[in-house]
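Good morning, and thank you for coming. I should like to take you through one protein model this morning, part by part.

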Amino acid sequence: MLDCAMAVALPAVVEELLSEMAAAVQESARIPDEHLLSLKFVFGSSAVQALDLVDRQSITLISSPSGRRVYQVLGSSGKTYTCLASCHYCSCPAFAFSVLRKSDSLLCKHLLAIYLSQVTRTCQQLNVSDKQLTDILLTEKKQEA
């Protein structure tokens, strides 16, 4: 099922599209062509790139015993990006530029890939200790600096 936080962060049309896709995948184990076309219409080339990340199983949900959850997405460049779906954030430059600064896009391809991996139930799972999760986040912060 989709993250409940997604409903807060995304426009209703996107939420509805992802919900319909999830229902279709549950019923037939595939995303119907009309949903793929809608995805491309809303997200442009990012949709194809995000689907490619999902196909390559590049998304990992990292969970800790305290309930904290972050996603890591292995980007097409080979760099790993840390994403917080609960607050609609990705550490990639495209998110900072296209989503935050210019407001050209609703999502970067990494966040879209996370939502699509939830729909298709192809997200990898990794359970770590709270300290390990803190270390992952601190390493990401050092790499950004």
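UniProt, in an unreviewed entry, lists residues 81-119 under "domain: SWIM-type". What you see on the screen is a predicted model, and in this model the span 81-119 is 51% helix and 15% strand. The C-alpha atoms at its two ends lie 20 Å apart.

Let me now place that span within the whole. The protein has 145 residues, and 41% of them count as buried. It contains seven helices and five strands. Reading from the N terminus, the order of the elements is α-α-α-α-β-β-β-β-α-α-β-α. Among the contacts with a separation of 6 or more, 54% are between residues that stand 24 or more positions apart.

I turn to the sheet. In what order do the five strands of the open sheet lie? The order is E4-E3-E2-E1-E5, and the pairing is mixed. At the edges are strand E4, residues 89-90, and strand E5, residues 124-127, each of which pairs on one side only. Further in, strand E1, residues 59-63, runs antiparallel to strand E2, residues 69-74, and five bridges join the two. If you would like one position to look for, Leu61 stands opposite Tyr71 in E2.

Next, the charged side chains. How many salt bridges does the structure hold? There are three, and I shall take each in turn.

Asp33 and Arg30 form one of them, with 3.7 Å from N to O. Are these two residues buried or exposed? Asp33 has a relative accessible area of 48%, so it counts as partly exposed. Arg30, at 45% relative accessibility, is partly exposed as well.

Another salt bridge joins Asp52 to Arg56, where the closest N and O atoms are 3.1 Å apart. Here Asp52 is partly exposed, with a relative accessible area of 36%, and Arg56 is partly exposed at 39%.

The remaining salt bridge is between the side chains of Asp135 and Lys131, at 3.0 Å from N to O. Where do these two residues lie? Both are in helix H7, residues 130-144, and they are four residues apart, about one turn of the helix. Asp135 is partly exposed, with a relative accessible area of 33%. Lys131 has a relative accessible area of 57%; exposed means over 50%, and therefore Lys131 counts as exposed.

Finally, the surface. The protein exposes about 8,100 Å², and carbon and sulfur atoms supply 55% of that area. Which residues make the nonpolar surface patch of about 310 Å²? They are Phe41, Val42 and Leu106. Of these, Phe41 belongs to helix H3, residues 33-43. Why does Phe41 count as exposed? Its relative accessibility is 74%, and the class of exposed residues begins over 50%, so Phe41 falls within it.

To close, I would suggest keeping three views in mind when you look at the model again. One is the open sheet, ordered E4-E3-E2-E1-E5. Another is the set of three salt bridges, including the one between Asp135 and Lys131. The last is the nonpolar patch made by Phe41, Val42 and Leu106. Thank you for your attention.

Terms used:
Residues numbered from 1 in each chain as written. Predicted model: local features only at pLDDT ≥ 70, side-chain atom pairs only at ≥ 80, totals over all residues. Heavy atoms only, no water. Patch = residues over 30% accessible without salt bridge, like charges linked within 9 Å, V, L, I, M, F, W, Y side chains within 5 Å. Areas by Shrake-Rupley, 256 points an atom, 1.4 Å probe, with all protein chains shown as cover. Salt bridge = Lys/Arg side-chain N within 4 Å of Asp/Glu carboxyl O. Buried < 20%, exposed > 50% of the residue type's maximum accessible area, 1.4 Å probe, protein only. Contact = heavy atoms within 4.5 Å. UniProt positions renumbered as here; feature names shortened; annotations may be inferred. Pairing = 2+ DSSP bridges.
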